[in-house]
Amino acid sequence: MQHDHHDHASHSPNSSGPESAGVSGVSDVSEAPRKPKQEQEDATTDVTEVAPGILRTQLPISMPGLGHVNCYVLEDERGIAVVDPGLPGPESWDHLVDRLGRTGHQVADVHTVVVTHSHPDHFGGAMRLHHETGADIVTHESFRTIFDTSELDDDEDSESLDVNSPDDRAAAMERYFAKPSPWGGRRAGPSPEFMERMRTAGSMFTTPRPTQPLVDGQTIKLARREWVAMHTPGHTYDHLCLFDPEFGVVLTGDHVLPTITPHISGLTPNADPLALFFESLHRMNGLDGVSVALPAHGHPFTDLGGRAEHIIEHHEDRLDIIRNASQDLPDGTVEQFMRVLFRERSWGEMAESETYAHLEHLRELGEMQRSFDEGFARYATTA
Ligand SMILES: [Zn+2]
Ligand SMILES: [Zn+2]
């Protein structure tokens with residue numbers, strides 16, 4: 001699957017475009033001015049038991065809009081599982097070792113790593129944990145990062161499936177970003193700094209190879225609980241949530257966050273990622289007996305259904321904005337609609353990608369039609 005926001009995150013009120021070099025692509029939904037969001041809070045060294053046998057720790061991630069990623073520690077008789085072990089690289093690793101120590105555990109206790117989706121602030125520590133302890137790596141079966149040359153090359157041969165040298169990865173990314181976007185927009189691509197970091201991080205940047213890929217409905221036992229895997233495409237195609245129906249605990253990853261909405265990329269293998277996202281949100285709303293939702297950023301919360309509903313409304317509002325704008329923008333380009341949908345500081349590839357996802361959704365609904373003019377997609381209402 002493809003991501004257009006490996007190197008961006010955003011947090012601008014009422015928009016979801018890029019601001020600078022983050023990695024998670026999460027955007028803000030609120031109109032409220034400048035009160036720091038809980039997702040923006042700096043990582044603390046606190047260890048909180050958020051449900052029996054489940055500890056919340058936080059790892060620093062320095063990017064606009066996101067101050068930490070929650071790394072949950074799930075205890076059982078075999079040791080621990082960790083969920084979303086932070087960014088790649090030695091610094092984050094040192095924090096991870098420190099946090100595990102504060103939970104009374106050590107790296108050697110880790111028998112399983114759960115990675116909710118293919119963004120670096122979630123998968124970063126996974127392969128090193130796997131190398132050091134032989135830990136299983138659990139993801140959804142469609143897990144695929146933008147750094148995996150296999151996807152970028154469209155080559156399913158065994159040898160090329162190896163995520164090989166840093167130079168190979170960098171070259172694969174450069175090839176990927178050399179292609180134009182499906183709507184003819186520019187490809188900003190990663191910053192030179194990011195590419196350099198990736199080259200020098202070497203094996204630190206190894207992307208996870210799942211040893212235990214899950215399909216929807218499959219169960220897995222962690223923290224003495226039986227979790228049901230939920231495939232929740234939208235933020236990324238490969239997003240995985242885990243639901244413990246007995247005690248109503250849900251690990252929501254970036255799919256549902258307490259106060260900000262995740263970026264929806266138009267660059268996915270699916271024709272209508274927004275429709276998938278709506279469906280994945282409705283599934284959250286339909287869960288019975290939820291006692292606590294454990295997001296990847298921000299604090300645990302209880303009203304998962306209400307929050308999912310709110311995010312659906314947010315995107316319905318955005319669709320309405322496009323519907324209204326289309327009156328004044330006959331045959332508008334993605335960039336033109338983006339300028340209506342996003343504040344100027346957010347304009348760019350990521351905002352275009354999310355705009356494209358909304359336009360394609362309206363096209364799938366039969367409300368808009370698309371034509372191409374000199375390589376650029378143009379949208380007009382069908383009515
Ligand atoms: Zn994230
Ligand atoms: Zn993410």
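## Exercises on a zinc site and a helix pair

In this predicted model, the zinc ion (ligand 2) takes its protein donors from His-117 (NE2), His-119 (ND1), His-235 (NE2) and Asp-254 (OD), at 2.2 to 2.3 Å.

**Exercise 1.** Work out which geometry class fits the four donor atoms around the zinc ion (ligand 2).

*Solution.* Start with the angles: the donor atoms subtend 90 to 168 degrees. Next, recall the cut-off: four donors are tetrahedral if all angles lie between 85 and 135 degrees. The range of 90 to 168 degrees makes the arrangement irregular.

**Exercise 2.** Place the donor residues of the zinc ion (ligand 2) along the sequence.

*Solution.* Write the spacing: H-x1-H-x115-H-x18-D. Then locate two of the histidines. His-119 sits in the loop between strand 6 (110-114) and helix 2 (120-123). His-235 sits in the loop between strand 10 (225-231) and strand 11 (240-244). They are 116 residues apart, so the pair links distant parts of the chain.

**Exercise 3.** Decide whether His-119 and His-235 are buried or exposed.

*Solution.* Buried means under 20% relative accessible area. His-119 has 1%, so His-119 is buried. His-235 also has 1%, so His-235 is buried.

**Exercise 4.** Find the residue that bridges the zinc ion (ligand 2) and the zinc ion (ligand 1).

*Solution.* The bridge is Asp-254. The two ions lie 3.5 Å apart.

**Exercise 5.** Describe how helix 10 (residues 334-341) packs against helix 11 (residues 349-364).

*Solution.* The axes come within 9 Å and cross at roughly 100 degrees. That makes helix 10 roughly perpendicular to helix 11. Helix 10 contributes Val-334, Glu-335, Phe-337, Met-338 and Leu-341 to the contact. Helix 11 contributes Ala-351, Glu-352, Thr-355, Tyr-356 and Leu-359. By class, the contact residues are seven nonpolar, one polar and two charged.

Key. Residues numbered from 1 in each chain as written. Chains lettered and ligands numbered in written order. Predicted model: local features only at pLDDT ≥ 70, side-chain atom pairs only at ≥ 80, totals over all residues. Heavy atoms only, no water. Donors = N, O, S within 2.8 Å, 3.2 Å for Na, K, Ca; no water. Tetrahedral: all angles 85-135°; square planar, octahedral: opposite > 155°, others 65-115°. Helix = DSSP H or I, 4+ residues; strand = E, 2+ residues; numbered from the N terminus. Buried < 20%, exposed > 50% of the residue type's maximum accessible area, 1.4 Å probe, protein only. Axes fitted to C-alpha atoms, helices over the stretch in contact; angles between N-to-C directions. Parallel < 35°, antiparallel > 145°, perpendicular 65-115°, else oblique. Contact = heavy atoms within 4.5 Å. Nonpolar A, V, L, I, M, F, W, Y, C, P; charged D, E, K, R; others polar.
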